[in-house]
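I opened this one with a fresh page and a cup of coffee. Here is what I looked up, entry by entry.

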Amino acid sequence: FDAGSFTELGGENAKSMVTGFATMNGNPVVVIANNPSYKDGFLCTGAAKKAIFALKTAAIATLPVVTLVDGNGIGDSKNFEEKGFSRVLARLASEYAKRAYFNEATITVTLGASYGTAYTVMGSKSLTGGIALALDRARISAMNPDSAVAFLDEVKNEAEHKETAKEWAQRYASPLEAAKSGHIDDIIDSAELRQRIGAALEMLL
C-alpha cells in the first residue's frame, strides 16, 4: 500500500484480524487481513465480526476491498457453537458474496496459510468473483494438513505426524494445485506483491 496510508480500525479488538483503510496508487481501499503473529491468525467470532464491519463499511462507501489471508483456520472450535459462530461465519460469507452480486472490486491475496472454513469465507474467489492471487509460498486447502493426514489415516507413526503433514501440504495444498482448480488466478513472488495488487485494482475500477 502507499507509504503511511494505512489507518487501522478497531485495533484493540480481535487482534487475530486487522482491518482498516489504506490507499494503493492513490486509490482508497478497505483492508481486511489475518494477523498470523497473534494466535496464528485463527478466525474467531470477534475476528469474523470485525471483518463483517469492514465489509459493510466498504459497501456503504463503495470502496474496493483487499483481503490478505494468512491464518490456520478456526481456533478453539469447541465453544464456538455456544457463541453462534456458525451464524457469524455465514454472515461473513454473505457479505463477501454481496460484493460479487453488486460487482464491487475485490482482491484477495493468500500470503501464507489458508485452511479449512476460513479458506472459503475469507474472500475466496468462489464467493467474491474477484481477483485471487497467492504468493509462491502459500498453502491453500479445504482442510488443515494436520487434520487431513489424520482423517485420511496417512500417519503410520505418530512421531512422523508433523513431517507427513508437511509433505501432504507440499503436494496437495500448494498454490499450483489451487491455480489448477481455479481457486486462484495467479501465483506471484513477494517482490511483486504491491505491483500486482495495484494492477488488479486498476483493472477492476
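These are my notes on a helix, a strand and three single residues.

**Entry 1: the ground rule.** I am working with a predicted model, and I keep that in mind throughout.

**Entry 2: helix 2.** I began with helix 2, which covers residues 85–101 and has 17 residues. From first C-alpha to last I get a reach of 24 Å, close to the 24 Å expected at 1.5 Å a residue. Next I asked which residues of helix 2 are buried. My list reads F85, V88, L89, L92, A93, E95, Y96 and R99. Looking down the axis, I find these buried residues within an arc of 150°, so they line one face of helix 2. R87 and Y101, on the other side of the helix, are exposed.

I then wanted to know what covers the buried residues of helix 2. The cover includes strand 3, helix 1 (45–61) and strand 4 (65–71). It also includes strand 5 (106–115), helix 3 (116–121) and helix 4 (125–128). One backbone note: N103, just after helix 2, takes a positive phi of about 55°.

**Entry 3: strand 5.** Strand 5 was part of that cover, and I followed it up. How many of its residues are buried? I find 10 of 10, which makes strand 5 mostly covered. Then I went through its partners:

- Strand 4 runs parallel to strand 5, and 6 bridges join the two; here L68 stands opposite V109 of strand 5.
- Strand 6 (residues 131–135) pairs with strand 5 in the parallel sense over 4 bridges; I107 stands opposite I131 of strand 6.
- Strand 7 (residues 139–141) is also parallel to strand 5, joined to it by 3 bridges; A113 stands opposite R139 of strand 7.

A reminder to myself for viewing the sheet: side chains in a regular strand alternate between the two faces of the sheet.

**Entry 4: N34.** I found N34 in strand 3, which spans residues 27–34. Is N34 buried or exposed? Its relative accessibility is 9%, so I count N34 as buried, the cut-off being under 20%. A polar atom of the N34 side chain lies 3.3 Å from the backbone oxygen of G41. Leaving aside neighbours within four places in sequence, I list S16, M17, G41, L68, V69, D70, G71 and M122 as contacts of N34. L68 in that list is the residue I noted opposite V109.

**Entry 5: S174.** S174 sits in the loop between helix 6 (161–172) and helix 7 (175–180). S174 counts as buried because its relative accessibility is 13%. What does S174 touch, not counting residues up to four places away in sequence? I get A138, R139 and A169. I had already met R139 opposite A113.

**Entry 6: K125.** My last stop, K125, is in helix 4. With 24% relative accessibility, K125 counts as partly exposed. Which residues does K125 touch, once those up to four places away in sequence are set aside? They are G130, A132, G182, H183 and D185. For the C-alpha atoms of K125 and H183 I note 6.0 Å in space, against 58 residues in sequence. The side chains of K125 and D185 make a polar contact at 3.1 Å.

Terms used: Residues are numbered from 1 along each chain as its sequence is written. This is a predicted model: local features need pLDDT of at least 70, side-chain atom pairs count only at pLDDT 80 or more; totals for chains, interfaces and linings use all residues. Side-chain values use heavy atoms; hydrogens and water are left out. Buried means under 20% relative accessible area, exposed over 50%, partly exposed in between (1.4 Å probe, protein chains only). A polar contact is a pair of N or O atoms within 3.5 Å; within protein, one must be able to donate a hydrogen and the other to accept it, and residues adjacent in sequence count only if both atoms are side-chain atoms. Contact means heavy atoms within 4.5 Å. The expected span of a helix is 1.5 Å times one less than its number of residues. The arc is that of the directions from the helix axis to the C-beta atoms. Two strands pair if DSSP finds at least two bridges between them.
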